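Please look through the sequence and the model below before reading on. The paragraphs that follow are meant to be read with both in view.

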Amino acid sequence: KGFLVEKKISKAAFSTAFISTFIFLFIYMYFTKANFIKNIFSSLSIREILISIMISLLCISIESVIFLLKYKKITFLKIEKDCFTVFLLLTLIIPAIEEFIFRGCIYCICEEYFNTKIPFILISSVCFGLNHIIYPKINIFTKFIWGILLSLELIFFNNLFCTIITHILCNLFIYFMGKKQK
């Protein structure tokens with residue numbers, strides 16, 4: 001059989017591991033990088049908000065085109081539960097946690113070890129794509145592309161709030177389109 005055994009991962013187990021990772025990384029970054037939280041979060045300008053909106057539209061557009069090419073139609077994750085907790089998790093909490101981990105932490109770590117931003121873009125994007133492995137495989141590729149765009153946004157603005165806003169807007173769109181497809 002070898003080392004790789006294909007096994008379906010439950011979303012609950014995946015979520016538990018994801019939240020545990022976030023808590024560990026937050027504590028690690030807090031104690032090892034005293035200025036991390038202060039430096040990477042700053043206020044947003046109107047220009048940054050508008051560019052975040054444009055990047056979120058670009059992410060959704062690219063994902064839609066990829067789905068059209070692969071499936072001959074645009075599909076969204078169907079949202080089964082009509083629950084405020086699910087809405088809050090999918091549209092606010094998870095995007096903020098993912099951005100903290102995949103852009104914030106990885107950016108700080110890569111900044112220490114590399115002289116260029118390219119390793120950050122690649123590592124961050126690959127990890128972000130692989131984080132979506134519990135969904136259809138095409139999502140790994142589309143989220144890799146999202147990762148590139150979000151990484152570039154962080155590099156350009158040096159503000160994690162920008163990428164969080166972009167990610168929240170993308171997830172809001174996907175949430176409401178998933179509710180519509182129900």
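What follows goes from the overall fold to the helices, the core, the salt bridges and the cysteines.

This is a predicted model, in which local features need pLDDT of at least 70 and side-chain atom pairs count only at pLDDT 80 or more, while totals for chains, interfaces and linings use all residues. Residues are numbered from 1 along each chain as its sequence is written, and side-chain values use heavy atoms, with hydrogens and water left out.

The protein chain contains seven helices and zero strands, where helices (H or I, at least four residues) and strands (E, at least two) are DSSP runs numbered from the N terminus. Read from the N terminus, its elements therefore run α-α-α-α-α-α-α. Of its 182 residues, 40% count as buried, a word used here for a relative accessible area under 20%, with exposed meaning over 50% and partly exposed anything in between (1.4 Å probe, protein chains only). If one takes the contacts (heavy atoms within 4.5 Å) between residues at least 6 apart in sequence, 76% of them join residues at least 24 apart.

Two of the helices can be checked against their expected span, which is 1.5 Å times one less than the number of residues. For H3, with 26 residues, the expected span is 38 Å, and the end C-alpha atoms are 37 Å apart, which agrees. For H4, with 30 residues, the expected span is 44 Å and the distance between the end C-alpha atoms is 41 Å, which also agrees. H4 nevertheless has a kink of about 40°, centred on Leu 90, the bend at a residue being the angle between axes fitted to the seven residues ending there and the seven starting there. H3, for its part, is followed by Lys 72, whose phi is positive, near 65°. Among the buried residues of H3 are Ile 55, Cys 59, Ile 60, Glu 63 and Phe 67.

Which residues have the most contacts inside the largest nonpolar core? They are Cys 59, Phe 100, Ile 101, Phe 102, Phe 120 and Trp 146, in a core of 32 residues; such a core is a set of buried Ala, Val, Leu, Ile, Met, Phe, Trp, Tyr and Cys residues joined through side-chain atoms within 4.5 Å. The elements that give two or more residues to this core are helix H1 (11–32), H3, H4, helix H5 (118–130), H6 and helix H7 (160–180), and H4 gives the most, with nine residues. Cys 59, leaving aside neighbours within four places in sequence, is in contact with Trp 146, Leu 149 and Cys 170.

Side chains of opposite charge can pair when their charged atoms come close. The structure holds three salt bridges, each being a side-chain nitrogen of Lys or Arg within 4 Å of a carboxyl oxygen of Asp or Glu. In one of them, Lys 143 pairs with Glu 63, and the closest N and O atoms are 2.8 Å apart. Lys 143 lies in helix H6 (residues 138–157) and Glu 63 in helix H3 (residues 46–71), so this pair ties together parts that are 80 residues apart in sequence. Both Lys 143 and Glu 63 are buried, Lys 143 with a relative accessible area of 6%. Not counting residues up to four places away in sequence, Lys 143 touches Phe 128, Gly 129, His 132 and Ile 174 as well as Glu 63.

Another salt bridge joins Arg 103 to Glu 99, with the closest N and O atoms 2.9 Å apart. Both residues lie in helix H4 (residues 84–113), four residues apart, or about one turn of the helix. An α-helix has 3.6 residues a turn, so residues three or four places apart point the same way. Arg 103 is buried at a relative accessible area of 0%, and Glu 99 is likewise buried at 0%. In the salt bridge between Glu 111 and Lys 117 the N to O distance is 3.9 Å; here Glu 111 is partly exposed at 46%, and Lys 117 is partly exposed at 34%.

A disulfide is a covalent bond between the sulfur atoms of two cysteines. With a disulfide taken as a pair of cysteine sulfur atoms within 2.5 Å, the count comes to zero. Cys 105 is in no disulfide, since the nearest cysteine sulfur, that of Cys 108, is 7.0 Å away, and Cys 105 counts as buried at 2% relative accessibility. The sulfur of Cys 170 is 4.3 Å from the closest cysteine sulfur, in Cys 59, which is too far for a bond, and Cys 170 is buried with a relative accessible area of 1%.
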